[in-house]
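Q: Please take a close look at a single part of this model and describe its surroundings residue by residue.

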Amino acid sequence: MAHCIIRIALDTPLNSVFDYGWPHEEGATPQVGQLALVSFGRREAVGLIVAVVQETEVPPDKLKNAIAVRDQLSPLSPQWLALASFAADYYQRPLGEVALPGLPKNLRVSTTVALDRALKKMAKLAPPGDPAPTGMPPLNASQQEAADAIGGAVGFTPLLLYGVTGSGKTEVYLQACAQVLARDPQAQILILVPEINLTPQLEGNIRARFPGLMLATLHSSLSEGERMLHWLAAHQGQARIVLGTRLAILASLPNLKLIVIDEEHDPSYKQQEGLRYSARDLAVWRAHQLGIPIVLGSATPSLESWHHARTGRYRKLELRERAVRDAVLPTVRLLDMERDKPKDGLTSGLLAALRGRLERGEQSLLFLNRRGYAPVITCEACGWISNCTRCTSFMVLHKPEHRLRCHHCSLELRIPRHCPTCGNVDLQPLGRGTQRFEEGLSAMFPEARILRIDADSTRKKGSAQEAFDTVHRGEVDILIGTQMVAKGHDFKKLTLVGILNPDTALFSQDYRASERLFAQLMQVAGRAGRAGLASEVLIQTRYAQHPLYAAVVRHDYDRFAGNLLEERHQAALPPYMYQALLRAEAPELATAITFLEEARDILPTDAVTINDPIPMTMTRVHNVDRAQLLVESPSRPALQAFLKEWLSLLRSMKTRVRWSLEVDPLDI
Ligand code: ADP
Ligand code: ZN
Ligand code: ZN
């Protein structure tokens, strides 16, 4: 039987499954999970076979035949297909749009040259080697307990590894991996990290520990050729450990036996465009479906995971102390900027601490989440400020590049010589970004080796890694950086962390801002004193009485999270509420709002709460106005059921407004 109809998911919006004929007499019948080349409209496209059937509703004269089936590649497993369809269903997107973009580009082209070459290369590689680890340091008691709990877990077991910064969570993961790999000669393990910058460090650790095993990495900075090889290594079961960023959650892993999500609270696990999925949430689903353990590690777990741990859905494993002998958590002190007036943005307290480090040859890290020289320039004569003409935002001064840049729409202008309204030539920068601190510090400490790491200083491929290596080699005295430097890195000689200007986040409208600020401060504080040298964290603030800072000073995540959960409960916010956000974009705000009002009224219901449309906080971006409508319910199934019905109505609405739906939004 080679005559059949193959049902194929294609990466197209709206309906994404189409029937094609397969008339060939010879050769094997196509299988579900294989890829096939078909003609679609005027182009050729590679799709995923989701069913093989005998009949179709497409009339015979309309039915096109598929061009080729990629039968040199083993089919994607039913479990993988189930994951993709769950994601499509849950995030209310067409299956093809979920399943196909995650595959290497070279698999989705009309020729098989790249695929055949990659397959040949993979066939020549040695079979998966010896899983025996080398150089495992002895664990402390709580690490051992955690590693055994993970390594010995049977069936679906979500574990929250709650360990202070520097408590040796990595070592726990590696030892748990060793146990799983030793037990099952085929076992594969998926390890996710939030940032691409963190993969090389962990990759090095894994390779050193498991020299006989094949490791694959999956992240956005691989070349297409590399991505193909690494994806195949995972798909064919050769790679025993797969390390990647959020997109790796959709990797094909036929023998997956353990999932590790490091820094599980990190917002980078949420994709913010297209399919807006949470890799962490999908990972938990995947573990549940496969009946395997999953570890979520963090020093500051997300409130969602913390809530699950408190209600017993997740098992909590705790590491209360730093792993390196004599390493203790840094002392955190607040520097009150109302009393100690800063000069060039730096209080005398912080300057004295920096001087001390320079004298002792220790490293300092200054953290500021604002790149550029100054967030805005202004004319003091007439009050003109450098607004972006296309967005509700400012043009940021980038002094070394002689440019004004909008960080939202990428508009770039030369710095004006005089004020565009009154002609005044004395335009002043207002506020401070990383570049301005770098300039000030270089003037104050001409003998110090100062390095700035932010998105601007690391534009070139490989330059971020180079910069981090310089710090690790001890060739930097003062490192200044954005969140890029806050996470994960283990800088041995770092004994001072200065937090320059965290206050703005205290008064954000976003209800998640304080959770995020707390996590960020604990993360960056955690970079200090990891190798046993006494260390401190100094926070410059105008709100020294704020309870959030008091919690940071005490390193008291428990109490802080408990209070936040109580507030969320009172205010009926996640994790006690499930939300979805309908966003609309139009050249005029009124158009977007009108669309959302129609959407609000299209499906009357008591099952969920539909709020009124409001403009987004940053209303205009790149000449487009944006508004949103929040739908919520304390019941996830109720929300899901409503969304399904609602979306089919929305799709049939005739509108020129661009809209999108996000389930479990992070920013509202
Ligand atoms: P975390 O991820 O919890 O912040 P890491 O895994 O980076 O912490 O570990 C912090 C430091 O502790 C690393 O330098 C690591 O090599 C070291 N370390 C971890 N476990 C042990 C141990 N059992 N004995 C000695 N040093 C350890
Ligand atoms: Zn002016
Ligand atoms: Zn702009």
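**The annotated cysteines**

A: Leaving aside neighbours within four places in sequence, Cys419 is in contact with Cys379, Cys382, Trp384, Asn424 and Leu427. The model is a predicted one. Cys419 is found in the loop between strand S18 (412-414) and strand S19 (427-430). Cys419 counts as buried because its relative accessible area is 2%, and buried means under 20%.

Contacts of Cys419 include Cys379, whose place is in strand S15 (residues 376-379). Cys379 is likewise buried, with a relative accessible area of 1%. With neighbours within four places in sequence again left out, the contacts of Cys379 are Trp384, Cys419, Cys422, Asn424 and Leu427. Trp384, Asn424 and Leu427 therefore appear in the contact list of Cys379 as well as in that of Cys419, where contact means heavy atoms within 4.5 Å. Cys382 is listed as a contact of Cys419, and Cys422 is listed as a contact of Cys379.

These cysteines also appear together in a record: an unreviewed UniProt entry places the feature "binding site" at Cys379, Cys382, Cys419 and Cys422. The four positions are spread over 44 residues of sequence, yet they cluster in space, with a largest C-alpha distance of 8.6 Å. The annotation may be inferred rather than shown by experiment. In the model, then, the record's positions include two buried residues described above, Cys379 and Cys419, and these two are in contact with each other.

Conventions:
Residues numbered from 1 in each chain as written. Chains lettered and ligands numbered in written order. Predicted model: local features only at pLDDT ≥ 70, side-chain atom pairs only at ≥ 80, totals over all residues. Heavy atoms only, no water. Helix = DSSP H or I, 4+ residues; strand = E, 2+ residues; numbered from the N terminus. Buried < 20%, exposed > 50% of the residue type's maximum accessible area, 1.4 Å probe, protein only.
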